[in-house]
Every structure is written in C-alpha cells, then in structure tokens.
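Subject: Structure for your review

Dear colleague,

Please find the structure below, followed by an account of what was found in it.

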Amino acid sequence: MSAATLERIRGHLVGLKMPRALEALDGLVRQLERGELSALEAIEVLLAEERTLREGRRIKVALQMANLTPVKTLDSFDFTF
C-alpha cells in the first residue's frame, strides 16, 4: 500500500471521526502486507473496533444519565444488625 493511499485513509478516518479505527490502522496494514488478513477482513476489523468503542461510550453515557445508585454487594452488607 502506498504512503499516499495510507494518508488518504487516515484523513477519511479523521473526517469520519473514527479514532479507534485510526489507532488500529497501522497494525492492520502490517497484517495485510504479511498476508495474514484479506482486505475484507481488515475492513471488518476496522469497523468492529470502531463499533465497540462507540457502543462502550453509549453505555457509559446511558448509565450516567440513568443516575443509578452504586452497585451493592454482599461483601459490603452489614450482617451485625
């Protein structure tokens, strides 16, 4: 893969606000060059990485907005009453 193509891909990922895919790109390119991944597998990995990051953020925000009480465990229960 040419350096110019790789820079254009990076620019697209930045423009699309896909930071996790951008982080994973260099490792995936190395795997592609070694023949460990096909092009479609690399695309799938990039998309899966980004989706995982976004899903995690979505859950974190939803939990914050739900304003739930802290999780209580049996270890913290006072059995002396």
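In what follows, Ala, Val, Leu, Ile, Met, Phe, Trp, Tyr, Cys and Pro count as nonpolar, Asp, Glu, Lys and Arg as charged, and the others, Gly among them, as polar. This is a predicted model, in which local features need pLDDT of at least 70 and side-chain atom pairs count only at pLDDT 80 or more, while totals for chains, interfaces and linings use all residues. Residues are numbered from 1 along each chain as its sequence is written, and side-chain values use heavy atoms, with hydrogens and water left out.

The largest pocket (an open set of points on a 1 Å grid over the protein atoms alone, where a 1.4 Å probe fits, with protein on both sides within 12 Å along at least five of seven lines) has a volume of about 210 Å³. That volume is the space filled by probe spheres set on the points, which are joined across faces, edges and corners. Its lining (residues with an atom within 4 Å of a point) is made up of 13 nonpolar residues, with no polar and no charged ones. Ile 9, Leu 25, Ala 42, Ile 43 and Leu 46 lie nearest the pocket's centre. Helices H1 (3-15), H2 (19-33) and H3 each give two or more residues to this lining, and H3 gives the most, with five. Helices here are DSSP runs (H or I, at least four residues), numbered from the N terminus.

The largest nonpolar core (buried Ala, Val, Leu, Ile, Met, Phe, Trp, Tyr and Cys residues joined through side-chain atoms within 4.5 Å) has 11 residues, including Leu 6, Met 18, Leu 25, Ala 42 and Leu 46. H1, H2 and H3 each supply at least two of its residues, and the largest share, five residues, comes from H2.

Two charged residues of H3 also deserve mention. Glu 50 lies in this helix, which spans residues 39-66, and counts as buried because its relative accessibility is 3% (buried means under 20%, exposed over 50% and partly exposed in between, with a 1.4 Å probe and protein chains only). The side chain of Glu 50 reaches the backbone nitrogen of Arg 20 at 3.1 Å. Arg 54, also found in H3, is partly exposed at 42% relative accessibility. Leaving aside residues up to four places away in sequence, Arg 54 touches Leu 16, Lys 17 and Met 18 (contact means heavy atoms within 4.5 Å).

Yours sincerely

How values were computed: Polar contact = N/O pair within 3.5 Å; in protein donor to acceptor, adjacent residues only side chain to side chain.
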